[in-house]
Amino acid sequence: MAEQLILKNLPFIKILPLWAQELSYKYCSQTANLYIVHGNIRDFLPHKMKENVFNFVKIQDYIADVLFGNRDIIAFYDRSSGVNFCTEEMRSDYLRVMSARAGARNGGAGEDELLSIDPYKSFKHLEAYFHSSIPSNKRIVLIIDYAETLIPNTDVSRYSEEERFCLVTLNRWANDPIFTQGDVSIILLTENLADLTLRIVRSPSTIKVAIPIPDEKVRESFLNFLNGKEKILLEKGLGTDETAKITGGLNLINLNQLVAESFQEGRVINLEYLRRRKKEIIEAEAVGLLEFIECEHDLGMVSGHDFVKKRFKNAARAIKQGRLDVLPMGYLMSGPVGTGKSFMVTAFAGEIGIPIVKFRNFRSKWQGVTEANLEKILNICKAMAPVGVMIDEADAFLGNRNQDGDSGTSNRIFAQIASFMGNTEYRGKIIWFLITCRPDLLPIDLKRQGRA
């Protein structure tokens, strides 16, 4: 049955973005019913309606309309809005069925209770409604937004009674064969996977799907979409294709903001305006976790260091020729204070014309926040590629595997950074520059050839 369903929907699934294809295949396999969709979930999502024609919608509408076609039962829940449904007919059916069910037992349940923001009440009534709908073979989807407010990433001993209730309920639903076989799916939405409790994230019955920041092709499609509505002012000679290349790292919400502001002001978008606004938007999006480094000079401005300059010029030539396979993953820049290490890095970035960012302090005293901050800035770096990443005082900033006293946070952060730096998928796309005057204090893991 699952294989027939996959084959039947294969032509449709292939026009979806990769994350939606993954979600569709996992859903059709009927092996799990709890999904975590994370990453760029607050953005416009592109749906390819036909060749080179896209529509852009929010994630709730994308899941409800594009993936599930607004059929059967699609419910929404978050701590602010309570329970809602995809259509007015679904909402009316839920209120009718549950009012009659509750009325037969204890004098009735009002609309405020059935649509309550209180998870005790909402989850109880939704579960009863799902059970009553399963015999009629209805496909049921519950989308829970801001899931981190229900099951945050902290020690369970610190959970409130309400959070414990949510954790147990979601775990029970994920492992309930009636829900899986009855086609009841629970989709949790969160921006950072690190914000959710590990008991759910690491559960073998949970499927995790990441939505990436849009690539150049999607950005160009969105700009063409705005251009078709005559809501974009581009400098003569600057096309949507070149604008899409320059705006790497911006999501579609950011891009729409940039275009709308320039249109409202009657300001024509040129390269300088794009560079300045991109810097401002990404630094704001990173909430002070990343800093853009201005590159107004190239290696010709560096005096001496002939061997280093030769290496960097060879690397710059390889990048311009697309020979990313011959590049190192990163560079370790060591030397006494004041010898121009940081200046050399910015000169190299200026030589090849790529942006360069500097990691700022992303650590926090609150459990889970440090991991969430790092996840956010690594996602931004992936979206900005090609990009240089400079880490000054790397020996102190990155730490090592053997730090203690912070519940293992430093160890996890070190492992996450080391794993990302060693990922050859980003060779030549994300170039690491580790700067230190004490290379002897830098862990051997980061000094090996595969990373620096």
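A search of the whole structure, a predicted model, finds 25 aromatic pairs. One of them joins phenylalanine 312 and phenylalanine 348, whose ring centres lie 4.5 Å apart with the planes at 25 degrees; the pair is therefore stacked, the limit for stacking being an angle under 30 degrees. Phenylalanine 312 belongs to helix α14 and phenylalanine 348 to helix α15, so that the pair links distant parts of the chain, 36 residues apart. Both phenylalanine 312 and phenylalanine 348 are buried. Aromatic residues also form a cluster made up of Tyr77, Phe85, Tyr94, Tyr120, Phe123, Tyr129, Phe130, Phe165, Trp173 and Phe179.

Helix α15, which carries phenylalanine 348, runs over residues 341-352. The 12 residues of α15 reach 18 Å from the first C-alpha to the last, close to the 16 Å expected at 1.5 Å a residue. Its buried residues are Lys341, Met344, Val345, Thr346, Ala347, Phe348, Ala349 and Ile352. A lysine is thus listed among the buried positions of this helix, together with Met344, Val345 and others. The buried residues of α15 pack against one helix, α14 (306-320), and against the strands β9 (290-293), β10 (330-334), β11 (356-359), β12 (387-391) and β13 (430-436). Just after α15, glycine 353 takes a positive phi of about 75 degrees.

The loop between β9 and α14 contains aspartate 298. With a relative accessible area of 35%, aspartate 298 is partly exposed, since this class covers values between 20% and 50%. Apart from its neighbours within four places in sequence, aspartate 298 is in contact with Ala347, Gly350 and Glu351. Of these contacts, Ala347 is also listed among the buried residues of α15. Aspartate 298 and leucine 327 are 29 residues apart in sequence, and their C-alpha atoms are 19 Å apart in space. Histidine 305 lies in the loop between β9 and α14 as well. The phi of histidine 305 is positive, about 50 degrees, although this residue is not a glycine. Histidine 305 counts as partly exposed, at 42% relative accessibility.

A positive phi is also found at tyrosine 146, about 55 degrees, and this residue too is not a glycine. Tyrosine 146 is located in the loop between β6 (140-144) and α7 (161-174). Its relative accessible area is 39%, and tyrosine 146 is therefore partly exposed. Glutamate 230, which follows helix α10, has a positive phi near 55 degrees. Helix α10 itself comprises residues 216-228. Its 13 residues reach 18 Å from the first C-alpha to the last, close to the 18 Å expected at 1.5 Å a residue. The buried residues of α10 are Arg219, Ser221, Phe222, Leu223 and Leu226.

Valine 97 is placed in helix α4, residues 88-106. The relative accessibility of valine 97 is 22%, so this residue counts as partly exposed; the buried class requires a value under 20%. Beyond its neighbours within four places in sequence, valine 97 is in contact with Tyr129 and Ser132. Tyr129 is one of the members of the aromatic cluster. Between the C-alpha atoms of valine 97 and arginine 202, which are 105 residues apart along the chain, the separation is 36 Å.

For the chain as a whole, 19 helices and 13 strands are assigned. The C-alpha trace spans about 85 × 55 × 45 Å along its principal axes. Of the 452 residues in the chain, 48% are buried. Among contacts with a separation of 6 or more, 74% join residues 24 or more positions apart. The exposed area of the chain is about 22000 Å², of which carbon and sulfur atoms supply 49%. The chain has 57 positive and 56 negative charges, and the mean positions of the two sets are 4 Å apart.

How values were computed: Residues are numbered from 1 along each chain as its sequence is written. This is a predicted model: local features need pLDDT of at least 70, side-chain atom pairs count only at pLDDT 80 or more; totals for chains, interfaces and linings use all residues. Side-chain values use heavy atoms; hydrogens and water are left out. Helices (H or I, at least four residues) and strands (E, at least two) are DSSP runs, numbered from the N terminus. The expected span of a helix is 1.5 Å times one less than its number of residues. Buried means under 20% relative accessible area, exposed over 50%, partly exposed in between (1.4 Å probe, protein chains only). Contact means heavy atoms within 4.5 Å. Accessible areas come from the Shrake-Rupley method with a 1.4 Å probe; for residues, only the protein chains shown count as cover. Lys and Arg count as positive and Asp and Glu as negative; His and the chain ends are not counted. The place of a charge is taken as NZ of Lys, CZ of Arg, CG of Asp or CD of Glu. Rings of Phe, Tyr and Trp (its six-membered ring) pair if their centres lie within 6.5 Å; planes under 30 degrees apart count as stacked, over 60 as edge-to-face and the rest as tilted.
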